[in-house]
Amino acid sequence: MVKDSAIIISGGLDSTTLLHYHKERIGLAISFDYGSRHNERELECARWQCEILGIPHIIIPLEFMGKYFTSSLLKGGAKIPKGSDYSEDNMHSTVVPFRNGIMLSIACGLAESKCLKHVMMANHGGDHAIYPDCRPEFTAAMNEAMTKGTYAGVSLIDPFTFLTKGEIISIGKKLGVDYSHTYSCYCGGKNHCGNCGTCRERKQAFIDAGIPDPTIYE
């Protein structure tokens, strides 16, 4: 199969599944170091997943986001909310303004520079209520901007937009994805805290998928 796509990979469950799902057509995997509490842990997983698949992987530094943006997800921000579910009220403080818009713009430019026709993104249905730049209206608008703003008409592929995290993990199970080398916890510790909204969402997703959770929790 022709290598025609770049992918944004964080090192989390969703982007790792998408990496494996489309591994034969991915010519470049792109991660971003933007100053989040969990960047280091995620990037370790992204490197590992790309290495085992033999997919070229680069990390783009975005220090300005951690320096100038406001979000509890970023180092130096307010504390990550714990003890509640993955809901809009609980997770609103973790929004990094226009994060996906910035990352997709960079990935689009890289894709065109590398003669790749598509950029892949692993946003999913569970994020719609919390993160505006994960919603289908946003990805549709970005796709239009990307195709019209590049000579090659680079397009956005977002196949998980209406899927739950449990459904995504079910896909990964069939692909043989090793989820022990993924990271989700917004607190950024060596092990997942088990109590923040993303950890709770992660736990529930494995339950919904009906497969054992390989995650080490505190």
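Which side chains meet in a salt bridge at 2.6 Å, N to O? Lys 165 and Asp 14 do. Please keep in mind that this is a predicted model. I will come back to that pair after the sheet.

The sheet is open and has 5 strands, in the order E3-E2-E1-E4-E5, with parallel pairing. At the edges are E3, residues 57-61, and E5, residues 155-157, and each of these pairs on one side only. On average, neighbouring strands are turned by 30° against each other, ignoring direction. Take one pairing as an example: strand E1, residues 5-8, and strand E2, residues 26-33, run parallel and are joined by 4 bridges. Within that pairing, Ile 7 has Ala 29 in E2 as its bridge partner.

Two helices to mention here. Helix H1, residues 13-21, packs on the sheet and touches E1, E2 and strand E4, residues 118-120. The direction of H1 makes about 160° with that of E1. Helix H6, residues 136-148, also packs on the sheet, touching E4 and E5, and its direction makes about 150° with that of E5.

Now H1 in more detail. Of its 9 residues, 8 are buried, so H1 is largely enclosed by the rest of the structure. Among the buried ones are Asp 14, Thr 16 and His 20. What do the buried residues of H1 pack against? The list is E1, E2, helix H2 (39-53), E4, helix H7 (165-175) and helix H8 (197-209).

On to charges. The count of salt bridges comes to 4. Back to the opening pair, Lys 165 and Asp 14. Lys 165 sits in helix H7 and Asp 14 in helix H1, so this pair ties together parts that are 151 residues apart in sequence. Are these two residues buried or exposed? Both Lys 165 and Asp 14 are buried.

Lys 165 also forms a salt bridge with Glu 201, at 3.9 Å, N to O. That pair links distant parts of the chain, helix H7 and helix H8, 36 residues apart. Lys 165 counts as buried because its relative accessibility is 10%, and the cut-off is under 20%. Glu 201, at 14%, counts as buried too. Through shared partners, salt bridges join Asp 14, Lys 165 and Glu 201 into one network.

Another salt bridge is found in helix H6, between Glu 144 and Lys 148, at 2.8 Å, N to O. These two residues are 4 apart, about one turn of the helix. Glu 144 is partly exposed, with a relative accessible area of 42%, while Lys 148 is exposed, at 67%.

Key:
Residues numbered from 1 in each chain as written. Predicted model: local features only at pLDDT ≥ 70, side-chain atom pairs only at ≥ 80, totals over all residues. Heavy atoms only, no water. Pairing = 2+ DSSP bridges. Axes fitted to C-alpha atoms, helices over the stretch in contact; angles between N-to-C directions. Contact = heavy atoms within 4.5 Å. Buried < 20%, exposed > 50% of the residue type's maximum accessible area, 1.4 Å probe, protein only.
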